[in-house]
Amino acid sequence: MSRLVVISNRVAVPKQGESGNQGGLAVALQSALRQHGGLWFGWSGETTEQFTGTIHDAEGAGITTATIDLEEQDIEEYYNGFANRTLWPLFHYRIDLTEFERDFEGGYQRVNQRFADTVAPLIEDDDLVWVHDYHLIPLGKKLREGGLRNRLGFFLHTPWPPTRLLTALPSHRKLVESLFAYDVVGFHTEDWLDSFHHYVTSLMGGTVDGTRVTVGDRTICAIIAPIGIDTAEFEAAATSDEARFARERMYMSATGRSLIVGVDRLDYSKGLRQRFLGYERFLASQPERRGLTSFLQIAPPSREKVDTYQEIRADLDALSGRINGEYADIDWTPIRYVNRGYPRQDLAGIFRAARVALVTPLRDGMNLVAKEYVAAQDPEDPGVLVLSVFAGAAEQMKDAVLVNPYSAEEMADALVTALTMPREERIRRWQALIAGVREQDVFWWCARFLDALEAVKEREMA
Ligand code: ADQ
């Protein structure tokens, strides 16, 4: 088995016993690396006065990591800039929030070059190299320019936007062309792959034949590989002592009310504003149900240096305050809104206590919370997943209650459906959902991608 070199923006291995407040990618990659063995390379999260390319080696939780520090300007232009002010909103269909600055693009290319120059000497001849996410799209091309001949894969964790949106990016062509340096390119869903095909065939004169996508004399393999969770681990977490304790705390605080839960990074793509408005509509239209539910929204802040993320925080503070002001009673708070991370066992317990999960992003590459919620349920008395049709996960999780998150009325209706669903139907839907979450877990995802990458013949010497 070839060694695996994973490259992503951040390397985030929690120290033993440390609580995990991590994005979905980090959680998935740790599981994959533990299984395969290899190296994880990326930014340390630290800044340095001047970039030196010094590599920090570490060994932890069964994973070898190599990280580098970046300059303040790199972080501003590459991470807060091009990655999170340009590509993230654009890839989530938020052209209104997308900022186009040449400096951002310059920083993006510079940092990708720094990654390429620093990681290249760590890569051995037979290694499989797997690059992750929108921060590092040009990395493959830069590695090839440096002479790398290894099998090289790229996985996009976000949506791939429709062609007409993507062309708003002044350098769209360059960005897409750089993907052709990889051997295998993976997307979560058919929707995202279709959009990629559309761009290549309509703007690059390319052709598609099964998984083969050809432009000029270069053919790559473009596949759908929906990411999963470490289902066995999460199911076990849900019955751990910590989970039981968290679950008890939830029950005690709810005093007999039905619990509704949402867990998301504080991000405009997650549709939190619309979710709060949907819950407000539910309270307004169902006076007899007021006081019988308790909605807990957990949303740890992320990307706090980006203005839009500060704005959304202020907006949600005000909105939850307004809804509580309108509907709360002396012994009842309709929305509990908590801005912090929780250890995974606690989360699993919180999920298990909740009768309903609201996973209602406006646009999401996949969404792992939907899968975690299902994995945490009690098979005898499972809760109901309310899932946005705009989450990549909706392609696989058809037995959820699917909603359009832009419609407060649909959200309110979905809540009524979920809260009144008979136990037999909850069990039937849950059984169908858990079967998929178990079968297509993170190891399945990893194997699916790496099998495709391993099938690529190593490049001939130039
Ligand atoms: P994210 O946008 O980070 O991931 P998601 O897939 O939902 O979104 O993963 C979030 C992860 O963070 C989950 O594992 C969740 O449990 C954890 N988490 C969230 N809030 C937490 C809290 N308060 N405390 C502890 N843990 C918390 C990106 C894409 C997604 C895609 C993943 C993986 O945006 O669409 O599913 O990558 O490809």
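Guide: Two residues are in contact if their C-beta atoms, placed from the backbone, lie within 7 Å. Take the contacts in this protein between residues at least 6 apart in sequence: 77% of them join residues at least 24 apart.

Visitor: What kind of model is this?

Guide: A predicted one: local features need pLDDT of at least 70, side-chain atom pairs count only at pLDDT 80 or more, and totals for chains, interfaces and linings use all residues. Residues are numbered from 1 along each chain as its sequence is written.

Visitor: How do you know whether the radius of gyration agrees with that of a compact globule?

Guide: The rule is 2.2 Å times the number of residues to the power 0.38, with the radius taken over C-alpha atoms. For 462 residues that gives a radius near 23 Å, and the protein has 22 Å, so the two agree. The C-alpha trace spans about 75 × 50 × 40 Å along its principal axes.

Visitor: How many helices and strands does the protein have?

Guide: There are 16 helices and 16 strands. Both are DSSP runs, numbered from the N terminus: helices are H or I with at least four residues, strands E with at least two.

Visitor: Which strands are called the edge strands of the open sheet?

Guide: Start with the sheet. Ten strands build it, in the order S3-S4-S2-S1-S5-S6-S7-S10-S9-S8, with mixed pairing. Strand S3 (56-60) and strand S8 (207-209) are its edges, since each pairs on one side only. From one strand to the next, the twist averages 25°.

Visitor: What makes S5 and S6 a pair?

Guide: Pairing takes at least two bridges found by DSSP. Strand S5 (residues 128-132) and strand S6 (residues 151-155) have five, so they pair, and they run parallel. His132 is one of the bridged residues; its partner in S6 is Phe155.

Visitor: Why is Asp133 called buried or exposed?

Guide: A residue is buried with 20 or more other C-beta atoms within 10 Å of its own, exposed with 12 or fewer, and partly exposed in between. Asp133 has 20, so this residue is buried. Asp133 sits in the loop between S5 and helix H4 (139-145). Its phi is positive, near 80°, though Asp133 is not a glycine. Across the protein, buried residues make up 48% of the 462.

Visitor: And what class does Tyr93 fall into?

Guide: Tyr93 counts 17 other C-beta atoms within 10 Å, so it is partly exposed. This residue lies in the loop between H2 and helix H3 (102-119). Tyr93, too, is a non-glycine residue with a positive phi, about 65°.

Visitor: How do you know the class of Leu402?

Guide: Leu402 has 17 C-beta neighbours inside 10 Å, so the verdict is partly exposed. Leu402 belongs to strand S16 (residues 401-403). Beyond neighbours within four places in sequence, Leu402 is in contact with Leu387, Val389 and Ala394. Val131 is 271 residues away from Leu402 in sequence, and 32 Å away in space, C-alpha to C-alpha.

Visitor: What are the domains of the protein?

Guide: The domain assignment gives domain 1 (4-228 + 442-457) and domain 2 (231-439). Their C-alpha centres lie 30 Å apart.

Visitor: How many residues of domain 1 are in contact with domain 2?

Guide: Domain 1 has 23 residues in contact with 23 residues of domain 2. On the domain 1 side, helix H1 (24-36) and helix H2 (72-91) are the elements that give two or more residues. H2 gives the most, three.

Notes
Axes are lines fitted to C-alpha atoms, for helices over the stretch in contact, and angles run from 0 to 180 degrees between N-to-C directions. Domain bounds come from an automatic or database domain assignment.
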